[in-house]
Amino acid sequence: MTHPKVSTEEMQKRIVRFKDLEGKGLPLMFIDSILPGHRRMNYAVIGDTASENPDFRPILDQPHRFQIGMFMCPPGSGPAYHTHDYIELFLPLSGTWRYYWGNNPEGPPEGEATLETWDLISLPPGLWRGFENVGDQDAWCFAVLEEHVVFSGKDPYWPAQVMKQAQEYGLEVDEHGKMIKPENYEELRNRLEAELLHRTASIGH
């Protein structure tokens with residue numbers, strides 16, 4: 001088997017240092033992110049990851065057959081109940097996390113597990129899931145997603161109640177899974193960013 005020569009310059013472009021994440025987080029990557037208990041800072045590291053917000057930009061945009069994201073959640077926060085058409089794998093980098101799942105979008109969850117640092121969970125397509133930082137400090141998690149095309153349809157799928165709550169803030173998505181931004185979007189984004197930014201300002205230092 002022959003392989004193309006890879007230059008040192010190209011390899012330097014394929015390195016992501018933790019400090020490189022500073023200023024590249026998106027506090028409103030999903031419509032649930034505005035809701036109390038679901039606020040977090042999301043980072044697209046490789047590929048499209050998952051997003052309803054077209055403002056996201058992956059740090060590495062070279063083709064990969066997988067997609068990687070990272071996120072920071074304050075205590076008591078995490079994504080609302082949802083599902084995807086692809087596999088999601090999570091590995092906590094810090095803190096303690098509660099993952100819960102079920103087959104009914106309106107719940108209640110049918111199972112749950114507590115994950116500590118370096119534990120791992122793989123969630124299959126179509127299974128409804130949610131998770132939260134159950135520790136008393138900010139916590140980070142690493143996510144690997146099966147390859148998929150962003151904005152080709154609803155992603156994630158939300159229960160009706162989550163969509164209704166997000167609509168109260170003016171946040172919706174179209175049939176392609178792309179966020180429909182309200183007139184006060186910048187105000188909402190800036191408010192969330194200010195709330196979360198001080199928590200991530202010291203990463204990499």
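Cys-73 is buried, with 0% of its relative accessible area showing. Keep in mind that this is a predicted model. Cys-141 has the other sulfur to look at here, and Cys-141 is buried too, again at 0% relative accessibility. Below is a quick run through the cysteines, then the sheet.

**Cysteines**

- Scan the whole structure for disulfides and you get zero.
- Cys-73 takes part in no disulfide, and its nearest cysteine sulfur belongs to Cys-141, 8.0 Å away.
- Going the other way, Cys-141 is in no disulfide either, and the nearest cysteine sulfur to it is that of Cys-73.
- The cut-off for a disulfide is a pair of cysteine sulfurs within 2.5 Å, so the 8.0 Å between Cys-73 and Cys-141 doesn't qualify.
- Burial is called at under 20% relative accessible area, so Cys-73 at 0% makes the cut, and so does Cys-141 at 0%.

**The sheet**

- Three strands make up an open sheet, running in the order β5-β4-β7 with antiparallel pairing.
- β5 (111-115) and β7 (128-133) sit at the edges with a single partner strand each, so one side of each has no neighbour in the sheet.
- From one strand to the next, the twist averages 15°.

**The β4-β7 pairing**

- β4 covers residues 97-102 and is joined to β7 by six bridges, with the two strands running antiparallel.
- If you want a residue pair to click on, Tyr-100 has Gly-130 in β7 as its bridge partner.

How values were computed:
Residues are numbered from 1 along each chain as its sequence is written. This is a predicted model: local features need pLDDT of at least 70, side-chain atom pairs count only at pLDDT 80 or more; totals for chains, interfaces and linings use all residues. Side-chain values use heavy atoms; hydrogens and water are left out. Two strands pair if DSSP finds at least two bridges between them. Helices (H or I, at least four residues) and strands (E, at least two) are DSSP runs, numbered from the N terminus. Axes are lines fitted to C-alpha atoms, for helices over the stretch in contact, and angles run from 0 to 180 degrees between N-to-C directions. Buried means under 20% relative accessible area, exposed over 50%, partly exposed in between (1.4 Å probe, protein chains only).
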